Amino acid sequence: MPEAKTTGGAASAAPAIELRGISKAFGPVQANKDISIRVMPGTIHGIIGENGAGKSTLMSILYGFYKADAGEIFIQGNRTEIPDSQAAIAAGIGMVFQHFKLVENFTVLENVVLGAEEGARLTPSLAKARQLLTELAKEYELNVDPDATIDELSVGHQQRVEILKALYRKADILILDEPTGVLTPSEADHLFRILKGLRDEGKTIILITHKLREIMEVTDTVSVMRRGEMTATVKTADTSPAELAELMVGRKVLLRVDKVPATPGEKVLDITDLGVIDEDGVERLKKISLNVRAGEILGIAGVAGNGQSELLEVLGGYRHATGSIRLNGEEIDLTGRASDGQTRRAKGISHVPEDRHKEGLILDFFAWENMIFGYHHAPEYQKNARFMDNDAIRAETEAKMARFDVRPPLPGLAAKSFSGGNQQKIVLAREIERDPDLLLVGQPTRGVDIGAIEFIHQQIVALRDKGKAILLVSVELDEILSLADRIAVMFDGRIMGERLPAETNEAELGLLMAGVTETASAA
Amino acid sequence: MDVIPKWADAILIPLISILLAFIISALVILAIGEDPVRALQLMVQGTFGNSAGIGFMLFYATNFIFTGLAVAIAFHARLFNIGGEGQATLGGLGVALVCLSLPWPHWTLALPAALIGGALFGAFWALIPAYLQAKRGSHIVITTIMFNFIASAVMVYLLVEVLKPAGSMDPASPRFPEGAHLPRMSDILGAVGIPFSDAAPVNVSFFVALLACYLFWLLVWRTRLGYEIRAYGQSESAARYAGISPTRIILITMLISGALAGAMAINNVMAAERLVLNSVEGAGFIGIAVALMGRSHPFGVLLASLLFGFLVQGGAEIDFWTNIPRELIVVIQALVILFTGALDNMVRMPLAKVFLMLRKREG
């Protein structure tokens with residue numbers, strides 16, 4: 001075990017948090033192995049590692065959700081027992097979870113004081129909270145309307161409420177678990193400004209993430225975890241993304257996608273004047289026209305919620321639309337009986353949906369049941385007219401899992417038991433192996449670890465090189481820039497313009513994503 | 001990772017729940033000054049002490065298997081069909097109409113026909129709430145409850161005004177023809193030389209119920225339809241992505257559910273050999289408890305049905321031989337339902353902790 005190094009900050013002060021020899025096992029799985037770490041006060045400390053590396057377990061121990069099998073915790077130099085989250089709060093630790101724990105129909109104020117009310121009457125607590133909120137808003141750009149209910153707020157604002165909750169409880173140490181997973185680039189930048197402000201006021205921040213860019217941008221020191229062990233703790237200034245990636249994965253990783261220039265062929269997908277009005281009467285797509293050719297990846301860039309999801313849903317066959325879509329020259333039914341997912345699949349459209357938990361997978365189904373999801377009517381999966389051929393499906397799943405390096409390669413395991421990256425590989429294996437003419441891909445690497453990202457990108461490029469058309473939707477600009485052969489930017493249900501990756505840059509795309517065009521908007 | 005192993009989830013939790021229900025029942029019996037040990041002895045002896053007791057238990061269990069499966073199939077699509085009672089009531093009407101319509105020459109012809117009649121009527125009664133749910137978003141719990149009341153009122157009207165033979169004082173249909181009488185367990189087992197009491201109404205329908213369990217299992221875990229039903233039940237958004245029509249699944253699942261509940265009538269109505277008022281006697285509601293306790297799996301439903309068959313039969317014995325009032329039997333049944341259904345987590349959570357501790361000690 002390498003010895004924990006001192007992590008920056010004032011050398012004389014006691015570390016804000018010190019963990020010594022923390023170990024935790026779940027059955028045969030050693031989630032944390034003899035972990036020691038020191039985080040100095042007034043610093044932002046990153047913890048980076050692939051999914052399943054043990055980051056969340058470690059933080060859950062610090063927050064009192066799990067009890068460590070061995071090891072000690074020191075807060076501000078004092079040995080502290082943290083049996084539950086109440087004790088963690090008392091010790092000055094605040095946690096912002098990946099999935100927010102807010103009451104949707106309560107106001108911001110009510111959420112902030114919830115569980116920390118002083119006495120039976122709410123009014124004094126609310127007044128106090130309101131005053132604090134005003135101060136914090138001024139100090140750290142933590143602006144949220146205190147009287148708005150949570151369901152009126154954007155995700156970024158909801159996250160600020162979580163931070164405010166922790167600060168209201170006088171947290172000196174703030175732990176954020178994958179905070180940018182749900183944020184747009186500008187929201188993420190705003191969050192980082194807030195975090196830096198808090199650090200400058202002397203708060204200690206632990207940032208758990210698997211995104212190298214964030215680590216490089218915002219942290220002072222960074223610890224890398226791999227398979228339950230802390231493999232290194234370094235000053236961020238002394239390291240590089242490539243080195244961190246190698247430490248995380250245990251081997252060299254390609255951070256750029258390796259691909260040859262595209263050789264586009266015939267138009268596979270031709271969209272003209274596509275319009276969608278949703279259930280609430282809001283116009284989500286405003287007469288969009290696009291095309292994707294064979295052997296080409298069209299990347300759709302844009303901040304989440306600007307119509308990309310609706311576009312994928314229409315193409316996937318589960319949202320009605322107006323206008324026209326042609327696939328290989330053949331008109332597709334957009335409203336009638338044939339506008340369903342089964343028909344689309346039969347026509348050669350495969351779809352890796354944006355949200356694998358809500359759409360792409362049935363989490364309680366086995367891997368082999370998920371491997372035919374959407375294609376369960378295909379003749380090769382039927383034993384006879386009545387029954388499905390479960391043995392054949394299992395065998396085929398095993399082969400696909402091997403080809404897509406799904407770990408563990410067990411068809412009889414429930415989808416929920418796989419890590420995010422492996423879940424995504426299951427979906428990808430299912431859709432790509434159908435050898436579709438058109439592949440729709442939404443957020444292919446959301447919540448996926450670095451090793452798997454590389455693999456997923458390679459698979460998508462390989463399908464392109466087979467001469468298939470690919471429509472890629474991603475909110476990660478890096479991903480669009482490195483994968484796409486042509487980029488269309490969406491804003492407010494419109495296509496703001498098309499660019500070639502070689503002839504554009506993040507700044508120009510960023511402006512388009514915000515709805516700003518110097519030239520008149522294209523097609 | 002699931003904390004509780006599968007075997008414990010399927011066997012240990014129900015057993016502990018039943019045990020808790022019995023302990024509290026014992027306390028209640030003590031509180032009214034009776035002897036709980038004697039009560040339990042009576043229940044066991046009255047059920048397993050002679051073949052008639054077993055026969056009655058199996059007869060009740062047959063009803064519960066049908067209604068339990070009906071609720072279970074709906075559970076797989078995450079639909080809560082509380083209308084088993086009404087669907088079984090209508091199933092009774094279907095069975096009675098079939099049995100009375102022809103001078104059936106032999107039960108082997110009457111049984112399949114009556115089964116179809118009962119299933120069709122039950123399915124019809126489930127179709128309307130299903131349609132309202134699928135097309136109009138009316139909550140199926142509310143509509144199926146209301147349809148129970150409508151079914152009961154329809155039955156009173158039909159028995160009093162239409163089906164009752166002229167001059168009869170009894171709100172019941174005429175007796176079914178001889179050819180529509182089902183062979184009882186005593187006839188079936190007697191044919192192979194095993195003596196069985198002919199006092200109990202258990203009949204060939206029990207085997208139909210067992211067959212239904214097997215077909216249920218095939219449907220849910222071996223067919224495309226079952227796959228789609230389970231997929232829809234687990235995640236409606238994923239089902240839509242996969243091109244599975246929610247409307248279609250809701251309608252088909254509820255039709256199967258109603259048909260299963262309606263099919264129950266081949267047991268209770270054909271054994272009674274005429275249609276009477278309130279022939280279902282709450283079996284539709286017990287089906288909910290049976291499905292919950294059986295974890296919506298046909299084997300679990302079978303075991304839970306036998307348990308509730310035992311409770312009903314044992315309860316009748318207590319009522320007969322002691323001063324413990326009949327209502328207390330209902331209390332015991334209610335406690336079993338409460339513990340196995342509603343208070344599932346009360347047992348599950350501590351048990352999860354125990355398993356976690358055991359695992360830690362190993363590791």
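**Exercise 1. The overall fold of chain A**

How many helices and strands does chain A have? Then work out whether its radius of gyration agrees with that of a compact globule.

*Solution.* Keep in mind that this is a predicted model.

- Step 1: Go through the secondary structure, and you get 17 helices and 20 strands for chain A.
- Step 2: Take the chain length, 523 residues, for which a compact globule would come out near 24 Å. Chain A has 25 Å, so the two agree.
- Step 3: Put a box around the C-alpha atoms along the principal axes, and you end up with roughly 70 × 50 × 50 Å.

**Exercise 2. Inside and surface of chain A**

Find what share of chain A is buried, and describe its contacts and its exposed area.

*Solution.*

- Step 1: Buried residues make up 54% of the 523 in chain A.
- Step 2: Take the contacts in chain A between residues at least 6 apart in sequence; 68% of them link residues at least 24 apart.
- Step 3: Now the outside: chain A exposes about 22,000 Å², with 50% of that coming from carbon and sulfur atoms.
- Step 4: For the charges, chain A carries 60 positive and 77 negative ones, and their mean positions sit 2 Å apart.

**Exercise 3. A threonine in a loop**

Is A:Thr219 buried or exposed, and what does its side chain reach?

*Solution.*

- Step 1: Locate A:Thr219 in the loop that links α7 (212-218) to β9 (221-226) in chain A.
- Step 2: Buried means under 20% relative accessible area. A:Thr219 has 7% relative accessibility, so it counts as buried.
- Step 3: Follow the side chain of A:Thr219: the backbone oxygen of A:Ile215 is 2.6 Å away. There's also a polar contact, at 2.9 Å, with the side chain of A:Thr236.
- Step 4: Skip the neighbours within four places in sequence, and the contacts of A:Thr219 include A:Ile44, A:His45, A:Gly46 and A:Leu207.

**Exercise 4. A helix in chain B**

Why is helix α13 of chain B described as largely enclosed by the rest of the structure, and which helices do its buried residues pack against?

*Solution.*

- Step 1: Count along residues 283-293 of chain B: nine of the 11 residues of α13 are buried, so the helix is largely enclosed by the rest of the structure.
- Step 2: Name some of them: B:Ile286, B:Ile288, B:Val290 and B:Met293 are among the buried residues of α13(B).
- Step 3: Look at what surrounds them. The buried residues of α13(B) pack against α1 (6-31), α3 (51-76), α4 (84-101), α14 (298-321) and α15 (326-342) of chain B.
- Step 4: Check what comes just after α13(B): B:Arg295 has a positive phi of about 55 degrees.

Key. Residues are numbered from 1 along each chain as its sequence is written. Chains are lettered from A and ligands numbered from 1 in the order in which they are written. This is a predicted model: local features need pLDDT of at least 70, side-chain atom pairs count only at pLDDT 80 or more; totals for chains, interfaces and linings use all residues. Side-chain values use heavy atoms; hydrogens and water are left out. Helices (H or I, at least four residues) and strands (E, at least two) are DSSP runs, numbered from the N terminus. The radius of gyration is taken over C-alpha atoms; the globule rule is 2.2 Å times the number of residues to the power 0.38. Buried means under 20% relative accessible area, exposed over 50%, partly exposed in between (1.4 Å probe, protein chains only). Contact means heavy atoms within 4.5 Å. Accessible areas come from the Shrake-Rupley method with a 1.4 Å probe; for residues, only the protein chains shown count as cover. Lys and Arg count as positive and Asp and Glu as negative; His and the chain ends are not counted. The place of a charge is taken as NZ of Lys, CZ of Arg, CG of Asp or CD of Glu. A polar contact is a pair of N or O atoms within 3.5 Å; within protein, one must be able to donate a hydrogen and the other to accept it, and residues adjacent in sequence count only if both atoms are side-chain atoms.
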